[in-house]
2 protein chains.
Amino acid sequence: MDEKNYLNQLIEAGEKEDELTPKQARILEAAIEIFAEKGYASTSTSEIAKKAGVAEGTIFRHFKTKKELLFSIVTPVITKFAVPFFATHFVNQVFNEKTPDYEQLLRKLIMNRFEFVKNNIPLLKILLQEMAFHTEIQQSYQEVFRREVFPKFDEAVKYYQENGKLIAYPSETIIRFTMTTIIGFLITRFIVMPDVNWNDEEEIDRTIHFLMYGLSTEKSES
Amino acid sequence: MDEKNYLNQLIEAGEKEDELTPKQARILEAAIEIFAEKGYASTSTSEIAKKAGVAEGTIFRHFKTKKELLFSIVTPVITKFAVPFFATHFVNQVFNEKTPDYEQLLRKLIMNRFEFVKNNIPLLKILLQEMAFHTEIQQSYQEVFRREVFPKFDEAVKYYQENGKLIAYPSETIIRFTMTTIIGFLITRFIVMPDVNWNDEEEIDRTIHFLMYGLSTEKSES
DNA sequence: ACTATAAATGAGTGATTACTCACTTTTAGT
DNA sequence: ACTAAAAGTGAGTAATCACTCATTTATAGT
């Protein structure tokens, strides 16, 4: 039920792009590009119209306000990024296939999100930037995280802890370490330093290994 | 020489606050508060003037443009945050006192930066936000990092690697893991979830332990 | 082909923007 | 007390802003 529900949301969101008028699509494309580059607040609707090759009035025919244009860009990204971060798909896979350790789960998670970020850099830049100023976006993200991501993540962490594979920290702490490490890697890779020569495969391996075993060469005493 | 140089810069920056006119100080205070809350681009100079209790013209007597006002807020933060992140002070301490492991260095680093972030949240919010849109800020940060932070950090990491205490990753990778973990913790603690009940001492301990030994209960095979 | 509906237009609107400048007030050296 | 420089003022300015609306163009069902 719940599974079908968010799946439908994703499909809906995907199909919405086909329902768009060609001009509407061009408005969204132009807005995404400029928002990502200069930020929402310093982008004018006239500039968007110019880049999209439409009249300024056309923007307001499809989006009541400039803010609604922003939200219609950002809202789908939240579900698309957050949900598969630890979606049912993965968790089911873990429990059904009896994936033996957190490490393999991490690999799937990182590989999957790596590709997503790679293909959605401008959208994620906008989300990252504007979340700070719009409580609506914050709330939307929080809700999605609390409802879709956290419970599954929590369940998996506790499963591995019970099997003695994971350290006995509060699962919130483990989730925090896992997420900040992965997100930190992706932000460094694609936003802070996208131009240096990355050996992606190697860095992903190291990131997973770091998450599991840390930086020390000595055994942990815990 | 070099040490004295950036030390002087810090002292200079500190003294500059005393050189300020009372009204100039109130302008900066007001600007910091509003920039942090709504962002640079959606803050008007008239709003700053109103909050500071000065005429709008007074702002432009002291700061040629609105952008110069932003930079005079942000630039000192860069040096103040980045430099002690791994300043000579710490490194000297390590080598002179023969601090035996990376772990103790990490503790000093985290405790130090924890207090700094705690006391400068609005300034760091502004830096974090506006860095994305102003290449001048990015360049300034990069330069400070490459000149002041990285070489010292690099030196320390290699020292511990030679002593067999740290894993044989490229030191860039180790620095990246260390920084994203610490910054990720501080951002979660003070910006994303400042309102939940944090047991700071415990979380700092866990963060250090995670950095050193990871999440697994099993020994690393590397 | 007719027509109703939706899509698209762009000139126009009042509000707001960063910034200027002629002027007044305060400060500080003598 | 005098004065020159610095600090402070606020009305004014052109440009730009998000958004409206009367009008034209395109679409689709019959």
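**Reading a two-chain interface**

Modeller: Let's start with the record: an unreviewed UniProt entry lists residues 21-81 of chain A as "domain: HTH tetR-type". Keep in mind that this is a predicted model.

Colleague: Okay, what is the helix and strand content over residues 21-81 of chain A?

Modeller: That stretch is 79% helix and 0% strand. Its end C-alpha atoms sit 25 Å apart.

Colleague: Now the interface. How many residues does each chain bring to the contact?

Modeller: A residue joins the list when heavy atoms come within 4.5 Å. Here chain A gives 45 residues and chain B gives 44.

Colleague: And how much area is buried between chain A and chain B?

Modeller: About 4,100 Å², with carbon and sulfur atoms giving 58% of that. On chain A's side, A:Arg176, A:Tyr213 and A:Leu215 supply 18% of the area buried against chain B, more than any other three residues.

Colleague: How many salt bridges cross between the chains?

Modeller: For those, look for a Lys or Arg side-chain nitrogen within 4 Å of an Asp or Glu carboxyl oxygen. The rule finds two across this interface. One of them pairs A:Arg176 with B:Glu203, the closest N and O atoms being 2.2 Å apart. There are also 14 residue pairs in polar contact across the interface.

Colleague: Which helix of chain A gives the largest share of the side that touches chain B?

Modeller: That's α10(A), with ten residues. Helices supplying at least two residues each are α2 (22-38), α10 (171-192) and α11 (200-213).

Colleague: What kinds of residues make up that side of chain A?

Modeller: Sort them and you get 19 nonpolar, 17 polar and nine charged.

Methods. Residues are numbered from 1 along each chain as its sequence is written. Chains are lettered from A and ligands numbered from 1 in the order in which they are written. This is a predicted model: local features need pLDDT of at least 70, side-chain atom pairs count only at pLDDT 80 or more; totals for chains, interfaces and linings use all residues. Side-chain values use heavy atoms; hydrogens and water are left out. Buried area is the accessible area (1.4 Å probe) that two parts lose on being put together, summed over both. A polar contact is a pair of N or O atoms within 3.5 Å; within protein, one must be able to donate a hydrogen and the other to accept it, and residues adjacent in sequence count only if both atoms are side-chain atoms. Helices (H or I, at least four residues) and strands (E, at least two) are DSSP runs, numbered from the N terminus. Ala, Val, Leu, Ile, Met, Phe, Trp, Tyr, Cys and Pro count as nonpolar, Asp, Glu, Lys and Arg as charged, and the others, Gly among them, as polar. UniProt positions are given in the numbering used here, feature names are shortened, and annotations may be inferred rather than shown by experiment.
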